Amino acid sequence: MLLRALSHVVEGLLLVMMVVLCADVFLGVFSRYVIGRTFTWYDEIARLLFVWIVFLGAAVGVRRGVHFRLHLLVDRFPPAVRRAVHLLGVLVLVGFGLLLIQQGWKLVELGQFQRTPVMGLSKRYVYASVPTGGLLIILYSLPQLWRALRDASGPASA
């Protein structure tokens, strides 16, 4: 239930970010081609929002189970091998989430010394998307991992 509430918050944030990103890019194009003077800040906001959308969206993709898989190949395996491949896939997702957290945290630490050129925002805000996405990928993988472990311990003919 808590994970579901978190998912609703993350997906709501993604929706808001997409709307703001669209409005921001619209204002940037409008300022350049209609007003004749480009807003200097729109590009930084668009980049910040896009990076966050990518990592939060990747986590939502994990939650919904919509990331690319080789069903054509895996579906030809016997049931026991299919379950093992599924378990391996979930473990790879968890490992990828851990890698994002570890390397993303290094970026966040590096970002404390960097600022965006126009708005002067700390780049920590951009880089924080990487470990946040990794943490959410792990959290969203846990129910899948639990199901895969439970299925792997079940009968081989299922």
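How many nonpolar, polar and charged residues are there in the lining of the largest pocket? By class, that lining has nine nonpolar, six polar and four charged residues. The structure is a predicted model. The points below cover its pockets, its one cavity of 30 Å³ or more, its largest nonpolar core, and three of its helices along with Ser-31.

**Largest pocket**

- The space in the largest pocket comes to about 560 Å³.
- Its lining is made up of 19 residues, and Phe-68, Arg-69, Val-85, His-86 and Gly-89 are those nearest the centre.
- Two or more lining residues come from each of α3 (71-74) and α4 (79-111).
- With nine residues, α4 provides the largest share of this lining.

**Second largest pocket**

- The second largest pocket has about 160 Å³ of volume.
- Around it lie Met-1, Leu-3, Arg-4, Ser-7, Arg-63, Tyr-140, Pro-143, Gln-144 and Arg-147.
- At least two of the lining residues come from α1, and at least two from α6.
- The most come from α6, which gives four residues.
- Sorted by class, this lining has four nonpolar, two polar and three charged residues.

**Cavity**

- The count of cavities of 30 Å³ or more is one, and the largest cavity has a volume of about 50 Å³.
- The residues lining the largest cavity are Glu-44, Ile-45, Leu-48, Thr-116, Met-119, Leu-121, Ser-122, Tyr-125 and Val-126.
- Both α2 and α5 (124-127) supply at least two of these residues.
- The share from α2, three residues, is the largest.
- Six of the lining residues are nonpolar, two are polar and one is charged.

**Nonpolar core and Tyr-140**

- There are 17 residues in the largest nonpolar core, and Val-10, Leu-14, Met-17, Leu-56, Leu-136 and Tyr-140 have the most contacts inside it.
- Helices α1 (2-35), α2 (42-64) and α6 (129-152) each give two or more residues to this core.
- The most, eight residues, come from α2.
- Tyr-140, a residue of this core, also belongs to the lining of the second largest pocket.
- Beyond its neighbours within four places in sequence, Tyr-140 has contacts with Leu-3, Leu-6, Ser-7, Val-10, Ala-59, Val-60, Val-62 and Arg-63.
- Among these contacts of Tyr-140, Leu-3, Ser-7 and Arg-63 also line the second largest pocket.

**Helix α1 and Ser-31**

- The 34 residues of α1 should span 50 Å at 1.5 Å a residue, and the distance of 47 Å between its end C-alpha atoms agrees with this.
- Buried positions in α1 are Ser-7, Val-10, Leu-14, Met-17, Leu-21, Asp-24, Gly-28 and Ser-31.
- Val-10, Leu-14 and Met-17, buried in α1, are also among the residues with the most contacts inside the largest nonpolar core.
- Ser-31 lies in helix α1 and counts as buried because its relative accessibility is 0%, where the cut-off is under 20%.
- Leaving out residues up to four places away in sequence, Ser-31 touches Gly-36, Arg-37, Thr-38 and Phe-39.
- From Ser-31 to Arg-47 the separation is 16 residues in sequence and 17 Å in space, C-alpha to C-alpha.
- Gly-36, one of the residues that Ser-31 touches, comes just after α1 and has a positive phi of about 90 degrees.

**Helix α2**

- For the 23 residues of α2, a rise of 1.5 Å a residue should give a span of 33 Å, and the 32 Å between its end C-alpha atoms agrees.
- The buried residues in α2 are Tyr-42, Glu-44, Ala-46, Leu-49, Trp-52, Ile-53, Leu-56, Ala-59, Val-60, Gly-61 and Val-62.
- Of these, Ala-59, Val-60 and Val-62 are in contact with Tyr-140.
- Glu-44, which is buried in α2, also lines the largest cavity.
- Just after α2 comes Gly-65, with a positive phi of about 70 degrees.

**Helix α4**

- From first C-alpha to last, the 33 residues of α4 reach 47 Å, close to the 48 Å expected at 1.5 Å a residue.
- Arg-83, Leu-87, Val-90, Val-94, Gly-97, Leu-100, Gly-104, Val-108 and Gly-111 are buried in α4.

Definitions and conventions. Residues numbered from 1 in each chain as written. Predicted model: local features only at pLDDT ≥ 70, side-chain atom pairs only at ≥ 80, totals over all residues. Heavy atoms only, no water. Core = buried A, V, L, I, M, F, W, Y, C linked by side-chain atoms within 4.5 Å. Buried < 20%, exposed > 50% of the residue type's maximum accessible area, 1.4 Å probe, protein only. Contact = heavy atoms within 4.5 Å. 1 Å grid on protein atoms, 1.4 Å probe; cavity = no way out; pocket = protein on both sides within 12 Å on 5 of 7 lines; lining within 4 Å. Points joined across faces, edges and corners; volume = space filled by probe spheres on them. Nonpolar A, V, L, I, M, F, W, Y, C, P; charged D, E, K, R; others polar. Expected span 1.5 Å × (residues − 1).
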